[in-house]
Amino acid sequence: MTDTFETALSARVAAMADACTRCGKCVEVCPVTGPGGVDAEPRAVIAGIIDILRTGEGPDASRKWASACVLTGECIKACDYGVNPRFLLGMARVAMARRKDEPRDQRRHGVEGFRKVAREVTHISQMQLSDGLLARLGQKGNEQPDSPPDFVFYTGCNVLKTPHIALLALDIMDALGVTYHVLGGPSHCCGIVQMRTGDIATSGRFAESTMDKLARSKSGQVVSWCPSCHVQFTETTLPTIEKTRGARPFEMTPFMLFLRGNLDRLQPFLRRRVDMRVALHRHPGIKGVVEAAEDILRAVPGVELVDLKQPAVGLMSNYFRALPAYRRELQKNELDAAGAPGSTRWSRSTMPTTASCARTSATIRSVS
């Protein structure tokens, strides 16, 4: 294989754009076309995305749709032709960034963005954790173990700002008796920051370096925490590397799916009854994750899962940065539904919580 990461990615984009029939179904099912101000006919919108991918230019409605994408993934399910519209929208944003800035500016913006993330993650995690706990999370010269672990646990960066969540995940895996190696943080970047600025070459170098470290396990499996890292690797990096090297070095599984796959082993730890009504704040961007979290919560004795009948939108709340008003609307409606008078009487001890998948691990830990 002689392709570089950049040429292989370009070939993937071109092939997928050619496979797109421009039927417009992906636009029709997208929950953010309204909030994003996308008011053109669906076929014209997706045709404009193809134009952006090929030339960097396209109609305003298509540019708005690409910019408003929150990675819900409904478009993927709607496509009958094996196209991943979410990937194409991401690549359209890259094409727009490359059209806007010169390569040196793309690199500069990528460096600035990476340094910002690294600074925040490093400082906030160090303010909360001892050196021992930082080492446990792979942030203090986390050396490769003497023998390959069952799998690598990849935290990504942002969970290190709320490290108790990642530490709870490690506690659960310890209770299961599995072996793992923790990698994550700025020193194991997925390359998404550089990709967003249009600096594909640098993004590829970061991603390949991290990928080679993630590949060192007995099973060839990586259990991921961060949703954006997961999508970046599974939809952009790994399929592209497969073109350059002829094979994928590992497969990646979200932590929630890993837990559900081990629910029979978790069940003996769920001994103490917790009488609680729980409403799950849902982001369905990765297939099966919401359903896995629901199954885990239902396995906790005493927990009653409440459906607030609210829409589930996006990969994670951070992706609503282009649609802040829509995010506030969704959150307010969800909280209003949880506290609606007359629907149910809630005592203080049974007040429903809007819990993310991240908090599901805390629930499991609390009843073990």
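**Exercise 1.** In this predicted model, which residues are linked by ring pairs into a cluster?

Solution. Ring pairs connect F151, F153, W225, F255 and F258 into a cluster. To count as a pair, two rings must have their centres within 6.5 Å. By this rule there are eight aromatic pairs.

**Exercise 2.** Classify the aromatic pair formed by Y154 and F233, and place both residues in the chain.

Solution. Step one is the geometry: the centres of Y154 and F233 are 5.8 Å apart, and the planes make an angle of 85°. Planes over 60 degrees apart count as edge-to-face, and the pair of Y154 and F233 is edge-to-face. Step two is location: Y154 belongs to strand β1 (residues 151-154) and F233 to helix α12 (residues 227-245), so the pair links distant parts of the chain, 79 residues apart. Step three is exposure: both Y154 and F233 are buried.

**Exercise 3.** What is the order of the strands in the open sheet, and which strands stand at its edges?

Solution. The four strands follow the order β2-β1-β3-β4 and pair in parallel. β2 (180-183) and β4 (251-254) each have a single partner strand, so one side of each has no neighbour in the sheet. From one strand to the next, the twist averages 30°. Between β1 and β3 (residues 221-224) there are three bridges; V152 has V222 in β3 as its bridge partner. Helix α12 lies across β1, β3 and β4, and runs at about 155° to β4.

**Exercise 4.** Over the face of which ring does R12 lie, and over which does R321?

Solution. R12 lies over the face of F87, 4.4 Å from the ring centre. R321 lies over the face of Y319, at 5.2 Å from the ring centre.

Conventions: Residues numbered from 1 in each chain as written. Predicted model: local features only at pLDDT ≥ 70, side-chain atom pairs only at ≥ 80, totals over all residues. Heavy atoms only, no water. Phe/Tyr/Trp six-rings, centres within 6.5 Å; stacked < 30°, edge-to-face > 60°. Helix = DSSP H or I, 4+ residues; strand = E, 2+ residues; numbered from the N terminus. Buried < 20%, exposed > 50% of the residue type's maximum accessible area, 1.4 Å probe, protein only. Lys NZ or Arg CZ within 6 Å of the ring centre and 35° of its normal. Pairing = 2+ DSSP bridges. Axes fitted to C-alpha atoms, helices over the stretch in contact; angles between N-to-C directions. Contact = heavy atoms within 4.5 Å.
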